[in-house]
Amino acid sequence: MKINFKLYASLGQYLPANAQNHQISLDVNEGATPIQLLRQQGVPEAEVHLVLVNGVFIPPSQRENPLIEGDELAVWPAVAGG
Amino acid sequence: MSWQKKILRVNLTEGTCTAEPLNMQWAADYLGQRGLGSKYLVEEVDPQVDPLSPDNKLIFATGPLTGTPASTGARYSVITKGALTGAIACSNSGGYFGAELKFAGWDMIIFEGKAPKPVYLYIHDDNAELIAADEIWGKSVWDADKILHAKHQDPQLKISAIGRSGEEGVMFACIVNDLHRAAGRSGVGTVMGSKNLKAVAVRGTKGVSVKDPVRFMQTVAEKKQILAGNPVTGQGLPTYGTQVLMNVVNEVGALPTNNAKAVQFDGASNISGEAMHEPRGSENKANLVTNQACFGCTIACGRIARVDKEHYTVKNRPEYWGASGGLEYENAWSLGADCGVDDLDALTFANFIANEQGFDPITFGATLAAAMELYEMGVITDEDTGGVKLNFGSAEALTTMAEQVGKGEGFGKILGLGSKRLCEKYGHPDLSMSVKGQEFPAYDPRGIQGMGLTYATSNRGACHLRSYTVASEILGIPEKTDPLVTEGKAGLVKAFQDATAAVDSSGLCVFTTFAWTLEDFYPQIDAACDGEWTLERLAQTGERIWNMERQFNLAAGFTAKDDTLPKRLLTEPAASGPAKGKVSGLGKMLPEYYELRGWTPEGVPTPDTLQNLGLS
């Protein structure tokens, strides 16, 4: 299934070289989870803070729940602004 | 201690500068900066005064920790009755000016009256004098800064000034210090211009004394360690600045776009903090040159940026080729997403012009966005705009209008009214995205419900900095709450409002609160200031300040009817993202908020509430 995978701020360095606009469409196995995709891309778990699926916050306890076709997974380290 | 215990009263009508002792009882009750400056305003100014009349006053106020070694001890605020809003205004700025004023031995300057001819105030320690401003009136902030530095032959002189916008009566003119830090909102620069006051130039060579120097330095060092070790204040903000929020807020579907007709912007990635780091343009260099700290700051979130030399805005205009104050998130949103423009260089240029001529880019962008909607409806025509096509997405419209507003020329004169007056003029008041006359910033309340209550109840008109519930609702600081629900938001907003009022009165920066709570503030204040400062006292001081500001606004004529939001946010559902189908649930939150505040259902503090806070 296809997942749109987005890494922002300092995590952008873990995106494949052919990513554009901080995102890439990935072909992944059915049942893939946010944690699995982050590990596949070599993103250190300690740097992961904000995880959104389709714009909705996913708490740490639910980051091993399976994604579904077409999901938008977006991840940031700890950031803030104002 | 920590306060200099001295204020400077400047009567512009009479041309006099007089030293007065600081009212230490008021300092004990209102701390400093926002709280103490507001107390002086409330005591000295009729709430119903015309903001642009000589009877309004303009107060520059530092906090007790301004100019101390506490991290971020740079802040000062400008307090007045706002030109844009008619509400109590308090605009906060960093840079180096505030600390320099403190070093000169002053806690506060109160300007009253109106100078018969343009003047600037020159302060060197105890000496203060009004000087004719002939050579700088009519000049930009940047030119005035250069001229005054050359005239006084002192590179350490710190200058706070208005640009041409403030002189020309643009209703959202700001006061810019150190070239690109600003007391930005509510038209405080318009009030300054109305008084024929062009600038304040200050040089201070004194120190700031604290009550217990050893304990103070130990405490300050501990608190700096917390900032350094926190991933947000230690890494995120210095690297990406506030602009890192652009993609976050777009992703959660709360990025007001095209005058808040939409909540997500296709071009968000192009104008984000990440984009500022990426090489582009004719020289393949990044927009961001470096980060920059204000006085004493160990976070350093400021952006110093440049426009590509071949970009249409600066081609053959070398005066704009240098590095200068770059985009913060709110500005990138207002100039970018809200106007549908995703040209990073055009946004940066418009931001330069806002600094150069001294106007608030949030209100400017939101006003232009309203004008763009009216233009696309056919209400505003090419005849009105002098032929400029005000379509959403037009970078040329953005930069042309920034220059016209900066100089108060052409259609810029109309945009200079702000969106409320502009939309009323063209018969569509509902298209102004404002509360109490001030445009809301970069968070759509349909996608972040707490921000709806924040905007509706902010004492200075719509503002994110009065209770930044985004920290909790989106970023999980100090704990995560659901941005799409209204439950619990009344208490959250009240807690943020009261704590922020205390922080804004200390002399330190609210951005420390991504790592600190009031638990980290009060020991620093207690070690520096006379008296015993506890957590409870600091928290109550914040609540007292909030209620005092409310009382001023009620006396000025505002009522509970003004605690509302633009019709669009209450009736037009978000069209995409997690908030799709939702409007702001303000009506569910507001009654609970009044109750938590100890206010009547009409939004008026009860006698008991006032008595408990020492405001009777």
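In this predicted model, strand S3 (residues 58-62) of chain B is joined by 4 bridges to strand S6 (residues 108-112) of chain B, and the two run antiparallel. Within this pair, B:Leu58 has B:Phe111 of S6(B) as its bridge partner. S3(B) is also connected to strand S4 (residues 76-81) of chain B, again antiparallel and through 4 bridges, with B:Phe60 standing opposite B:Val78.

The surroundings of S3(B) are worth a look. In a regular strand, side chains alternate between the two faces of the sheet. Here B:Leu58, B:Phe60 and B:Thr62 point one way, while B:Ile59 and B:Ala61 point the other way, and all are buried. Because 5 of the 5 residues of S3(B) are buried, the strand is largely enclosed by the rest of the structure.

Strand S2 (residues 16-21) of chain B offers another picture: of its 6 residues, the number buried is 0, so S2(B) lies largely in the open. Its antiparallel partner is strand S1 (residues 6-11) of chain B, to which 6 bridges join it; one of the residue pairs is B:Val10 with B:Cys17. S1(B) and S2(B) form a hairpin with 4 residues between them, and B:Gly15 in the turn has a positive phi of about 75°.

Turning to chain B's open sheet, 6 strands are arranged in the order S8-S7-S12-S9-S10-S11, with mixed pairing. Strands S8 (127-132) and S11 (181-183) stand at the edges, each with a single partner strand, so one side of each is left without a neighbour in the sheet. On average, neighbouring strands of this sheet are turned by 20° against each other, direction ignored. Strands S7 (residues 119-124) and S12 (residues 197-203) of chain B run parallel and share 6 bridges, with B:Leu121 partnered by B:Val200.

Technical notes:
Residues numbered from 1 in each chain as written. Chains lettered and ligands numbered in written order. Predicted model: local features only at pLDDT ≥ 70, side-chain atom pairs only at ≥ 80, totals over all residues. Buried ≥ 20, exposed ≤ 12 C-beta atoms within 10 Å, placed from the backbone. Pairing = 2+ DSSP bridges. Axes fitted to C-alpha atoms, helices over the stretch in contact; angles between N-to-C directions.
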